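Colleague: Hey, can you walk me through this one? I'd like to see how some of its pieces pack together.

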Amino acid sequence: MASGVGVSPECLEAFQDLKLGHKFKYIIYNLKSDNTEIIVQKKGDVSSSYDDFLADLPEDDIRWAVYDFEFEKDGGKRNKLVFVSWAPDNAKIKKKMVAASSRDALRRALVGIAVEIQGTDYSEVAHESVYDKASRGN
Amino acid sequence: MVTYGGDEVSALVLDIGTSTTRAGYAGDDTPKAIIPTCYGYKSATPSDGDVQMEDTPATEGESATEKSKPKVSMYIGNNGPSIWREDMEIAEPVSGSIIEDFAPIPSIISHAFRDIMRCDITEHPVLVTEAAWNTPANRERMAEIMFEEFQVPAFYIANTGVLNAFAAGKGSALVIDIGASTASVTPVVDGFVLRKGLAHSALPKLVHAHAQHLLTTQTATRPGIQLLPHQLIANKQAVDPGTPPRFTLREERVAGTTESYRKYYEAKEVDEWIQSVAGVLEQGWNDQLANQRGARHYEFPTGYNYYFGSERYSVGELFYTHSPSLVNSNPNLPKSIPTLISTSLAACDPDLRQVLMGNVVLTGGGSLFPGFLERLSTELSRHFTHVKIHAPGNPTERRYGGWLGGSILASLGTFHQLWISREEWLEHGKAIVGQRCK
């Protein structure tokens, strides 16, 4: 079941720039105010830290994000693209509903995501939990 | 295709449950009409012995059941089964969250939309909710009723499990729904129900039956309690707790009271008792703890009143544990909540289990049972490391979670492209329901 909310072309352009061009560290997506389309809200600078990224996830509103997650495993540096659906418990129920039912449209448009995180509080998107998921497998 | 920019779809949302039917406008936060799904009826010729009609087996031959039920008067809505009428029988069209008897459904829908909400159904798209284990034949029948009998311009049928997960902001979740007749555990992954992991049982009915047994059976300290509805009582006098009640029956009504009416009301009295005093211990069963909790006072319509002690907790305990003697005496016992959850998880991919346990959504009116949420979290954290239960604090959100999710979804302008329109129905027929509403 889906909401029929669309994905704006800039979402994909930004994603390609991140994936292939490594121009950004992360991208924050949001719903357009009239709930018809998903748009890019912020492109995180390459030099930004994980905490900067977390600061862009509001306490009471929904977001989606792609983060270029870098970590070390077996002595080597790895990169994985992490997709985060952010829907904190105290977001408005309408927002949560729209977010959950529209998520699939965005997720399917983004090719090359290795890890998916569904976050409702900051502990679920903390660096350790993401690292746990990313470092599992290869 | 026409795209709607705004949210002015003015769709209607309909959620038919075992106990109540909820109907209202999409975009609202509570249903406008909440009426009992049960209805009263008097048969055309009550003397010809054809009074066993509520026992019509739930067969798939819908047209056959329709013909076998010649009802002259039906009493629907808030003034339906709740009012005493001579020779009125009461029937339940929905059992286990599935519509078993479609004959009265159009009347119930019409009552909710036309009589209560005073709106013209032919002008509004209608979103209907269904249980995850609903049959394809059933949902097609629902579409047929909507398009053919009510002439709706558009229709959609959505799964309550998915709606509840979405309303919690989750694409993937383990939805635990405690209804009036069914407890279900539905794994939802990326917006779709994982059918193999679906588990449900008639657990609330077992709890109810146990409570009824408990109340009507004599104990060392009190006699068995008579479950009479206030409709059959002329007057009563105040008596001390635990002493026999002093009341007079409305004798003129007793003879005209049918068996199904009596049963419906006994169940109602038990329900009220459960909702008022029953609970479940947060940390698991413990005789001492149950006794330490204060006794609660409850008065029945007969005037009989009593302080109920630890027995009120034994009722709720049935949600979580079944004693070996009970299991042995009844091989078809409904599965308890922990069993339902483990059955469901066992059928899911191991990688998914962690995601599901981190996103448990508790919903349904039955989950408002005192101590239920705390007990669930105790039970789950015993077996899993990272458990997070999402349970709306607002009782309306919990009771009408499915309806509310449908209300938001149907109010979206962008959702318009997903409705099954009247034209599509006329062109493709029943097949479109299964294709569109996945």
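Modeller: Sure. One term before we look at helices: contact here means heavy atoms within 4.5 Å. Also, this is a predicted model.

Colleague: Okay, so which residues of H2(B) meet H3(B)?

Modeller: On the H2(B) side they are B:Ile105, B:Pro106 and B:Ile109, and they meet B:Met142, B:Ile145, B:Met146 and B:Glu149 in H3(B). By class, that contact has 6 nonpolar, no polar and 1 charged residues.

Colleague: And at what angle do the axes of those two cross?

Modeller: Roughly 60°, with the axes of H2 (residues 105-116) and H3 (residues 136-149) of chain B coming within 11 Å. That angle makes H2(B) oblique to H3(B). The crossing is right-handed.

Colleague: What about H4(B) and H15(B), what's their angle?

Modeller: About 75°, and their axes are 8 Å apart. So H4(B) is roughly perpendicular to H15(B).

Colleague: Which residues meet there?

Modeller: B:Leu163, B:Asn164 and B:Ala167 from H4(B) meet a group in H15(B) that includes B:Gly401, B:Gly402 and B:Leu409. This contact has 3 nonpolar, 5 polar and no charged residues.

Colleague: Switching to chain A: do E2(A) and E3(A) pair parallel or antiparallel?

Modeller: Antiparallel, over 7 bridges. In one of them, A:Asn30 has A:Ile39 of E3(A) as its partner. The two strands form a hairpin with 5 residues between them, and A:Asn35 in the turn has a positive phi of about 55°.

Colleague: And how does E1(A) run relative to E3(A)?

Modeller: Parallel, joined by 2 bridges. A:Gly6 has A:Glu37 as its bridge partner in E3(A).

Key:
Residues are numbered from 1 along each chain as its sequence is written. Chains are lettered from A and ligands numbered from 1 in the order in which they are written. This is a predicted model: local features need pLDDT of at least 70, side-chain atom pairs count only at pLDDT 80 or more; totals for chains, interfaces and linings use all residues. Side-chain values use heavy atoms; hydrogens and water are left out. Two strands pair if DSSP finds at least two bridges between them. Helices (H or I, at least four residues) and strands (E, at least two) are DSSP runs, numbered from the N terminus. Axes are lines fitted to C-alpha atoms, for helices over the stretch in contact, and angles run from 0 to 180 degrees between N-to-C directions. Angles under 35 degrees count as roughly parallel, over 145 as roughly antiparallel, 65 to 115 as roughly perpendicular and the rest as oblique. Ala, Val, Leu, Ile, Met, Phe, Trp, Tyr, Cys and Pro count as nonpolar, Asp, Glu, Lys and Arg as charged, and the others, Gly among them, as polar. A crossing is left-handed if the near helix is turned anticlockwise from the far one by less than a right angle, and right-handed if clockwise.
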